[in-house]
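I opened this model to look up a few local features and the packing inside. My notes are below the view.

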Amino acid sequence: MARPVSRRTKKTKKNSEPVCTAATQIIQMAMDEDCSASDLGRIAASDPAFGLRVLRLVNSPSFMLANKVEDVRRAVALLGVRGLRNLALSLVVSDMVPVGEAGQVLLGNSLRRAMAARSIATSLDLKRPDNFFTAGLLLESGLLAKAREHLDHVLEVAKSPAEHRIVRERAAGKLAHPIVGAELAQSYRLSEEMIFAIAHHHDSAPPEGDLAQVCWLAERVAGVFEGGDMSRNKQTALQAAGRLGVTTEAIERLLEELPQQVAEAARGFDHDIGEQPDLASLVQDANRSLVDMNHHYEGLVRQLESLLVEKEALEAQLRAANQKLAEEATTDVLTGLANKRALEEALARDLARASRMEQELSLVVVDVDHFKQFNDRWGHSTGDEVLRAVGQLLRDTVRTGDVAARYGGEEFVLVLPNTDPEGALTVAERVRSLLEEASIEGPEGPLRVTASFGVATVRGPGCEHAARVLFERADAALYEAKRAGRNRVRLAA
């Protein structure tokens, strides 16, 4: 059951809108190279609610300033442009936290990663540890963003072991929180480095770059406190630390200090997330029934992962099958060319483009000469072989963007976009010549195969509905070629 909201929390929520406005303005201004700390200080000082929260947060363990600061402008001067931007980002994340149990869990998870990231960066002697704190705080921002619409689901995910969260999101058909968080960071115009770190903190292997690697390790350190087999989670964190050159001693010390750091940091954000469990209490609670339950749970998750893999494989097979069906629906089985349906769709598309671009389009109708004789003398298998050979020749001859189709029987069609009559005649004559010279094996030796060609051309604009007229003109030219003795090309008048 969700805990009752304290008066303190209500006050924070009541003031969240102006704080978010001031924080967002600071984040946007800080992206300007000409922006100065004094410019940002004026914004911070102009909003008393924001100024009070700046002082409370800057004096908390989250920012670790040496001396207490009581003046907003002084705090801004100490933080600098980058530091104040990071502080504003932190307040924006804080104001995304919902009330009740969900808010306690989500903020606790976020701060655990933030404090871990800063400690890891410090142990590696990396510069600007506040930048690592901010990146760590944003690792769970995708869940915070989704909590606005799917609070119950988000709470279930946030309370599950860290390593299982993406699996649960995928199983529920939801977008994984690293993707949502990266999109949110992009909307705030954060650096590519930080966006990348947020997007890849759940990767199976360390990603590239100091910031991304620290966040990747912080995710595994935080996971020690967040359910599942604690001993195995700790071993995973230590192994991950070894891959990045962080000592076991540094991780052991961080794990001891992290619960208190998280609780203190939450108070700096004006939130009470309750007492955080330490390693000793986690070990004490890991009795046999809990271990058995965790093992059972992890078995279910592994089964779920297997089902997801199977589901994705089935989806891939379904896509391939649908693609094959689509191809079969538009492909002539015998020749592999486009069929009549695909031809009509392609011609309508290309005529519309010709009309829009004010270009020419040519149509070539091809009819195999004396085709009935092949069937009557040697059988339909020989006739089929002739049609396959003609189809292969057409496919090898046309350009990318042209369409070669079997229209029916022994009749074929070429659609030649952006081709004038002279170009279409050249194509048709090349096909005619190649077919005449081709060697097509028959039952009693090579077969002599020829074809007659009719060519017609239209030009845009206004030709988008000219398919019927174009066919009629090309057919008329084809019949003229046949009357003239076949094995020749004729252009429509």
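These entries cover the cores, one loop histidine, a hairpin and some backbone outliers.

**Entry 1: cores.** I kept in mind that the model is predicted. I began with the largest nonpolar core, which has 90 residues. Which of them touch the most other members? I found L111, L217 and V221. I then checked where the core residues come from. Helix 5, residues 72-96, gives the largest share, with 12 residues. Apart from this core I noted another one, of 28 residues. V366, F371, L387 and A451 are among its members. For background, I recalled that nonpolar side chains tend to be buried together in soluble globular proteins.

**Entry 2: L111.** I listed the contacts of L111, leaving out residues up to four places away in sequence. L111 touches F133 and L137. It also touches V262, A265, A266 and F269.

**Entry 3: H271.** I looked for H271 and found it in the loop between helix 15 (248-268) and helix 16 (279-285). Is H271 buried or exposed? Its relative accessible area is 9%, under the 20% cut-off, so H271 counts as buried. Beyond its neighbours within four places in sequence, H271 is in contact with S94, V97, L107 and A266. I took the V97 pair further. H271 and V97 are 174 residues apart in sequence, yet their C-alpha atoms are 9.6 Å apart in space. A266 had already come up as a contact of L111.

**Entry 4: hairpin.** I moved on to strand 2 (residues 403-408) and strand 3 (residues 411-417). The two run antiparallel and are joined by five bridges. I looked up one partner: A404 of strand 2 is bridged to L414 in strand 3. Two residues sit between the strands of this hairpin. There, G409 takes a positive phi near 55°.

**Entry 5: backbone outliers.** Most residues other than glycine have a negative phi, and most peptide bonds are trans. I looked for exceptions.

- E358 is not a glycine but has a positive phi of about 55°. I placed E358 in the loop between helix 18 (340-357) and strand 1 (360-368). Its relative accessibility is 48%, so E358 counts as partly exposed.
- H370 is not a glycine either, and its phi is positive, about 50°. I placed H370 in the loop between strand 1 and helix 19 (371-378). At 43% relative accessibility, H370 is partly exposed.
- Which peptide bond is cis? I noted the one from G460 to P461, with omega near 5°. P461 is in the loop between strand 6 (451-459) and helix 22 (467-483).

How values were computed. Residues numbered from 1 in each chain as written. Predicted model: local features only at pLDDT ≥ 70, side-chain atom pairs only at ≥ 80, totals over all residues. Heavy atoms only, no water. Pairing = 2+ DSSP bridges. Helix = DSSP H or I, 4+ residues; strand = E, 2+ residues; numbered from the N terminus. Core = buried A, V, L, I, M, F, W, Y, C linked by side-chain atoms within 4.5 Å. Buried < 20%, exposed > 50% of the residue type's maximum accessible area, 1.4 Å probe, protein only. Contact = heavy atoms within 4.5 Å.
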